[in-house]
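Here are a few exercises to work through with the model open in your viewer. Try each one yourself before reading the solution.

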Amino acid sequence: MVKICCIGAGYVGGPTMAMIAYKCPDVQVVVVDISASRINAWNSDHLPIFEPGLDDVVKSCRNKNLFFSTDVEAHIADSEIIFVSVNTPTKTRGLGAGKAADLTYWESAARMIADVAKTDKIVVEKSTVPVKTAEAIEKILTHNSKGVNFQILSNPEFLAEGTAMDDLAKPDRVLIGGRETPQGQKAVAALKAVYAKWIPENQIITMNLWSAELSKLAANAFLAQRISSINAMSALCEATGADVTEVAYAVGKDTRIGSRFLNASVGFGGSCFQKDILNLVYICECNGLPEVANYWRQVVQINDYQKARFVNRVVASMFNTVSGKKIAVLGFAFKKDTGDTRETPAIDVCLGLLGDKAQLSIYDPQVTEDQIGRDLATNKFDWDHPAHLVPTDPTAKKSVTKASNAYEAAKGAHGVCIMTEWDEFKTLDYQKIYDGMEKPAFFYDGRNVINVEALRKIGFIVYSVGKPLDP
Ligand code: NAD
């Protein structure tokens, strides 16, 4: 039986390993983490992350060929293939602060592997890492162990939160990068054999290590760039009376461009896009390519601009102040079907509104009050540089309440902001919401998911990103 261990039981490690265990009954998979609370949750009825379809897959394999453990060292020692899926956040201090990837967790995982490995190991980069990381990992592993052969593979993950299980079951592609030596290619074949249990061979792409590492950063940069491109266009639409939905439709009909990822919104969020683009910017700078760095930096800058523009629109339309006004915030997660709030645009928007002394009532079906309190307390909106969220604004929580549904959030509010495109917001009784609000009742759709005309007919004054404004 092939034994696989995955270091890091997070949004990637947990679902990815659950899918491997589910599809490969003859493989033993152990997911390890230094966080005992995360591991306890994976072993309980309340998994630490919400992801449609995840519960069923985990429950069907757990304690059969899928295990979750805090005994990191023992399971590393026992496995042939070790995935490393630890967090690689943006560095907050020192060289490259604010841009470079912080590889502290990766390095400590690599040192632990070197310490305990007694037999040859295939070490798989599952985390998103800077191009050439495998070279650094090789140095750490080979200088810290004796008589053990390590093969490093790059196997970046392309799942999207909210659709992770479908993405893992039917990925567009699986990428495996390895050294072009016989041993490197043997390792590539071993990992390919695992994925080949359920993924057609022509969708498993093998390539050199650096191409695989860079492909992940490139893919996220291209996706985020499309969002920033349509969001930049949304500002021009508002200024000219064009409708961004119509423009996106027309543009997307060109088969060379395609229609996906062209929804104008308050901006992208999540733990990856901004971090990976900033990382790319840093790598370009380190390689003497400042023009290329500037090109990609713009993608993040437009995203910051879009969030600030949204806040300004809310405040300006409410007669230039939201001080003391209740505003309902519907949705806090960075996208629907996840409880993840990392880098959600809702944080910047809420902090911007709190900065103008609004009273916020927030409702999200998957995000807890603790999460919201923590997110708003540990970030501070910087009006001059909205990208730079710095700790801490201890007063933020006092003006914030968590509502148990959208109607409660909107009761007595002057305005409603849609921050996440949860399906349930599309079918709310907006007449009832309008009836319970102060007048004039303002509606700000940061995701362009609610029918503007229907809202206007009810009596709302509506702002929808990139749409013609109310007269
Ligand atoms: P996460 O923070 O949810 O999980 C990382 C886990 O690693 C944590 O539970 C942490 O406790 C654990 N960890 C850290 N150091 C450890 C160590 N030395 N030993 C054992 N456990 C350790 O992060 P995530 O969202 O799963 O992302 C992981 C990586 O995958 C990142 O590089 C990210 O960029 C990349 N990625 C994320 C997504 C996504 O949608 N979240 C998608 C593709 C790729």
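The radius of gyration here is taken over C-alpha atoms, and the globule rule is 2.2 Å times the number of residues to the power 0.38. This is a predicted model, so to speak of local features pLDDT of at least 70 is needed, side-chain atom pairs count only at pLDDT 80 or more, and totals for chains, interfaces and linings use all residues. Residues are numbered from 1 along each chain as its sequence is written.

**Exercise 1.** Work out which radius of gyration a compact globule with 471 residues would have, and set the protein against it.

*Solution.* Put 471 residues into the rule, and a compact globule comes out near 23 Å; the protein has 24 Å, which agrees. Next, the extents: along its principal axes, the C-alpha trace spans about 75 × 50 × 45 Å. Finally, the inventory is 17 helices and 14 strands, where helices (H or I, at least four residues) and strands (E, at least two) are DSSP runs numbered from the N terminus.

**Exercise 2.** Describe how helix α1 and helix α3 cross, and what makes the contact.

*Solution.* Start with the axes, which are lines fitted to C-alpha atoms, for helices over the stretch in contact, with angles from 0 to 180 degrees between N-to-C directions. Those of α1 (residues 13-23) and α3 (residues 54-61) come within 9 Å and cross at roughly 55°. That makes α1 oblique to α3 (under 35 degrees is roughly parallel, over 145 roughly antiparallel, 65 to 115 roughly perpendicular, the rest oblique). The crossing is left-handed (near helix turned anticlockwise from the far one by less than a right angle; clockwise is right-handed).

Now the residues in contact (C-beta atoms, placed from the backbone, within 7 Å): α1 brings Pro15, Ala18, Met19, Ala21 and Tyr22, and α3 brings Leu54, Val57, Val58, Ser60 and Cys61. Sorted by class, that's nine nonpolar, one polar and no charged (Ala, Val, Leu, Ile, Met, Phe, Trp, Tyr, Cys and Pro are nonpolar, Asp, Glu, Lys and Arg charged, the others, Gly among them, polar).

**Exercise 3.** Do the same for α9 and α10: what is the angle, and which residues meet?

*Solution.* The axes of α9 (residues 209-240) and α10 (residues 244-252) come within 9 Å, crossing at roughly 135°. The two are therefore oblique to each other, and α9 passes α10 in a right-handed crossing. From α9, Ile230, Met233, Ser234 and Cys237 meet Val244, Val247 and Ala248 of α10. This contact divides into six nonpolar, one polar and no charged residues.

Technical notes. Contact = placed C-beta atoms within 7 Å.
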